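Please read these notes with the sequence and the model open side by side. The points are numbered so that you can check them one at a time.

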Amino acid sequence: MVSCFGPSYELAFEMDAELRRRKMRHKVPIIYLTSEPYLGHMGVGGLGKSKTFMENEFAEKDIKPLVSQAIQEVAPGEIRLKDGNKIPFKLAMIAPPFKGVPAVLSIGNPRGFIPVDKNYRHTKHKNIFAIGVAIAIAPPEVTPVPTGVPKTGFMTVKMAKTAAATIASDVIGKTPPIADELGVVCLMDMGNTAALMKAYPVLPPRQSSYTKKAIWAKWMKVGFEKYFLWKMKNGMSSLP
Ligand SMILES: Cc1cc2nc3c(=O)[nH]c(=O)nc-3n(C[C@H](O)[C@H](O)[C@H](O)COP(=O)(O)OP(=O)(O)OC[C@H]3O[C@@H](n4cnc5c(N)ncnc54)[C@H](O)[C@@H]3O)c2cc1C
């Protein structure tokens, strides 16, 4: 299924919060269906205590998890799973697995993701660079149902800077920069609150990883959105 799980968790928490605000949560069962082998795996083997964190939050909020699931088919009012089970629904948000666009299929892996080295240069074609969702990153472990490694916006910006510095070095005939290991920093909205999730590097074993729920994380999320939209509307996309 989808290779960035954060937005799916956000939606489950946001719907729960909104239904409670309208005092109708008891009329609406919420199911979180995922390819992850356990809650909080997020495609990266978890971030700090994210497994127990998500399990506790789901239990408290009465959101039913169904892990290690693959969808066979979506029919009107019914999701049919590969294991034969059927889940009726009135409203579903489904994030399908990502794959590369046809234009890059011939230089990508079987799913169309582009293999790159640490400087985001194609492993075979040295004049091709790729960053962001388009690149191939091998999962940290084999899971019963395949889960993709997320390539977040935070990671993508870092990749772009490394790729740009490498291209500049090529042009002026200098040694390319040594790329930093990628880390991940996410602010996960939870409706009334939010959580800060961090991991460095992205895949285990790690130097540090962390999940913490706090109202200041919500303020940071709202503040960052306003700042981001402001800088884009004012043509200042190069600001941090
Ligand atoms: C709902 C949601 C929430 C997210 N929240 C966060 C978050 O809180 N923090 C975070 O760090 N990341 C978040 N992400 C991830 C982040 O959006 C992506 O990592 C980031 O956008 C990847 O950048 P990209 O340039 O690789 O791809 P994109 O931003 O998807 O850009 C690809 C561009 O290519 C264009 N395109 C596609 N096909 C073609 C074609 N054939 N020809 C020409 N153009 C084409 C598309 O229109 C698009 O503009 C979220 C993603 C989603 C979906």
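1. P205 sits in the loop that runs between strand 7 and strand 8. The model is a predicted one, and in it the peptide bond from P204 to P205 is cis, with omega near 0°. Most peptide bonds are trans, so a cis bond is worth a look.

2. P201 is also placed in the loop between strand 7 and strand 8. The bond that leads into it, from Y200 to P201, is cis, and its omega is near -10°.

3. Next, the backbone angle phi. Most residues other than glycine have a negative phi. D62 departs from this: its phi is positive, near 60°, and it is not a glycine. D62 lies in the loop between helix 2 and strand 2, directly following helix 2. Is D62 buried or exposed? With a relative accessible area of 59%, D62 is exposed, because the cut-off for that word is over 50%.

4. Y120 has a positive phi as well, about 70°, although it is not a glycine. Y120 is found in the loop between strand 5 and helix 3. Its relative accessible area is 7%, so Y120 is buried, the limit being under 20%.

5. Helix 2 covers residues 50–61, which makes 12 residues. From its first C-alpha to its last it reaches 16 Å, close to the 16 Å expected at 1.5 Å a residue. The buried residues of helix 2 are S50, F53, M54, E57, F58 and K61. Why do they line one face of the helix? Viewed down the axis of helix 2, the buried residues fall within an arc of 120°, so they share one face. On the other side of helix 2, A59 and E60 are exposed.

6. What do the buried residues of helix 2 pack against? Their partners are helix 1 (6–21), strand 1 (30–33), strand 2 (63–66), strand 6 (184–189), strand 7 (194–200) and strand 8 (208–214).

7. Helix 3 has 20 residues, which should span 28 Å at 1.5 Å a residue; its end C-alpha atoms are 29 Å apart, so the two values agree. Buried in helix 3 are M155, M159, T162, A163, T166 and S169. These cover an arc of only 120° around the axis, which puts them on the same side of helix 3. On the other side, G153, K161, V171 and I172 are exposed. The buried residues of helix 3 pack against strand 6. Just after the helix comes G173, with a positive phi of about 70°.

8. Now the ligand. Which residues surround it? They are P7, V101, G132, V133, K151, T152, G153, F154, T156 and K221. Helix 3, residues 153–172, gives the most to this shell, with 3 residues.

9. Some atom pairs between ligand and protein can be checked directly. A nitrogen atom of the ligand lies 2.9 Å from a backbone N or O atom of G153. An oxygen atom of the ligand is 3.4 Å from a polar backbone atom of T152. An oxygen atom of the ligand is also 3.4 Å from an N or O atom in the side chain of K221. Taken alone, the ligand exposes 1,000 Å², and the protein buries 34% of that.

10. T147 lies in the loop between strand 5 (86–88) and helix 3. Its relative accessibility is 7%, so T147 counts as buried. What joins the side chains of T147 and T143? A polar contact of 3.3 Å does. Leaving aside its neighbours within four places in sequence, T147 is in contact with F5, S35, E36, P37, H41, G43 and P139.

11. The last residue to check is Q69, in the loop between strand 2 and strand 3 (71–75). Q69 is buried, because its relative accessible area of 12% is under 20%. A polar atom of the Q69 side chain lies 3.2 Å from the backbone oxygen of V67.

Definitions and conventions
Residues numbered from 1 in each chain as written. Predicted model: local features only at pLDDT ≥ 70, side-chain atom pairs only at ≥ 80, totals over all residues. Heavy atoms only, no water. Helix = DSSP H or I, 4+ residues; strand = E, 2+ residues; numbered from the N terminus. Expected span 1.5 Å × (residues − 1). Buried < 20%, exposed > 50% of the residue type's maximum accessible area, 1.4 Å probe, protein only. Arc of directions from axis to C-beta. Contact = heavy atoms within 4.5 Å. Polar contact = N/O pair within 3.5 Å; in protein donor to acceptor, adjacent residues only side chain to side chain. Near = heavy atom within 4 Å. Areas by Shrake-Rupley, 256 points an atom, 1.4 Å probe, with all protein chains shown as cover.
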